Amino acid sequence: MAPLDTESVSVANAEVEGYRVKPNRKAEIKQHARKEHLAGAGALLGTAVALFEKHKAKSDPENAHRHHVVQAIAGAAAIGAGAYAWHERHD
């Protein structure tokens, strides 16, 4: 197989330069932005569920323990999603 020329050739989201493959930077930035927005939406949803379960724990004293458990899980999920959004922002 003959070596490639030194000029760039676009191949499926990558530029081939000789034998080196470097990713298309625009596609990578777009992908990170999409992941960041999804993680932000997940953090918002987790926060909303935690607040709702806190309200349900007050209004439904018979099942308050269950609501507190779900509230804690939703809060942890919201924190995790927020951390992932921060990671994607700085990636």
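## A walk along two helices

Of the 91 residues in this protein, 20% count as buried, where buried means under 20% relative accessible area, exposed means over 50%, and partly exposed is in between (1.4 Å probe, protein chains only). You're looking at a predicted model, in which local features need pLDDT of at least 70 and side-chain atom pairs count only at pLDDT 80 or more, while totals for chains, interfaces and linings use all residues. Residues are numbered from 1 along each chain as its sequence is written, and side-chain values use heavy atoms, with hydrogens and water left out.

**Stop 1: the whole chain**

Start by colouring by pLDDT, the predictor's confidence in each residue, from 0 to 100. The protein averages 84, and 75% of the residues score at least 70. Now switch on the cartoon: you should find two helices and three strands, in the order β-β-β-α-α from the N terminus. Helices (H or I, at least four residues) and strands (E, at least two) are DSSP runs, numbered from the N terminus. Strand β1 (residues 9–10) has the lowest mean pLDDT of the elements, 50, and α2 has the highest, 96.

Put a surface on if you like. About 7,200 Å² is exposed, and carbon and sulfur atoms supply 62% of it; the areas come from the Shrake-Rupley method with a 1.4 Å probe, and for residues only the protein chains shown count as cover.

**Stop 2: helix α1**

Select residues 25–59, which make up helix α1. Its end C-alpha atoms are 51 Å apart, which agrees with the 51 Å that its 35 residues should span at 1.5 Å a residue. The expected span is 1.5 Å times one less than the number of residues. Show the side chains of H32, E36, A39, A43, G46, A50, E53 and A57: these are buried. What covers the buried residues of α1? Part of the answer is α2.

**Stop 3: helix α2**

Next, select residues 64–89 for helix α2. Here 26 residues should span 38 Å, and the end C-alpha atoms sit 37 Å apart, which agrees. The buried residues are A64, H67, A74, A78, A81, A85 and E88, and the buried residues of α2 pack against α1. Contact here means heavy atoms within 4.5 Å. Across the protein, residues 24 or more positions apart account for 41% of the contacts with a separation of 6 or more.

**Stop 4: G46**

Zoom in on G46 in helix α1. Is G46 buried or exposed? Its relative accessible area is 8%, so G46 is buried. Leaving aside neighbours within four places in sequence, G46 is in contact with A74 and A78. Try a distance label to G75: the two C-alpha atoms are separated by 6.1 Å, although G46 and G75 are 29 residues apart along the chain.

**Stop 5: the salt bridges**

Side chains of opposite charge can pair when their charged atoms come close. A salt bridge here is a side-chain nitrogen of Lys or Arg within 4 Å of a carboxyl oxygen of Asp or Glu. How many salt bridges does the structure hold? There are two.

For one of them, pick E28 and R25, whose closest N and O atoms are 3.5 Å apart. E28 and R25 are three residues apart in helix α1, so about one helical turn separates them. E28 counts as partly exposed at 27% relative accessibility, and R25 is partly exposed too, at 49%.

Then pick E36 and R89, whose side chains meet in a salt bridge at 3.2 Å, N to O. This pair links distant parts of the chain, with E36 in helix α1 and R89 in helix α2, 53 residues apart. E36 is buried at 19% relative accessible area, whereas R89 is exposed at 56%. Not counting residues up to four places away in sequence, E36 touches A85, E88 and R89.

**Stop 6: E53**

Finish at E53, also in helix α1. What is the nearest side chain of opposite charge to E53? That is R66, 4.6 Å away; E53 is buried yet has no salt bridge. (Lys and Arg count as positive and Asp and Glu as negative, while His and the chain ends are not counted.) Show H67, V70 and Q71 as sticks, since E53 touches these three, again not counting residues up to four places away in sequence.
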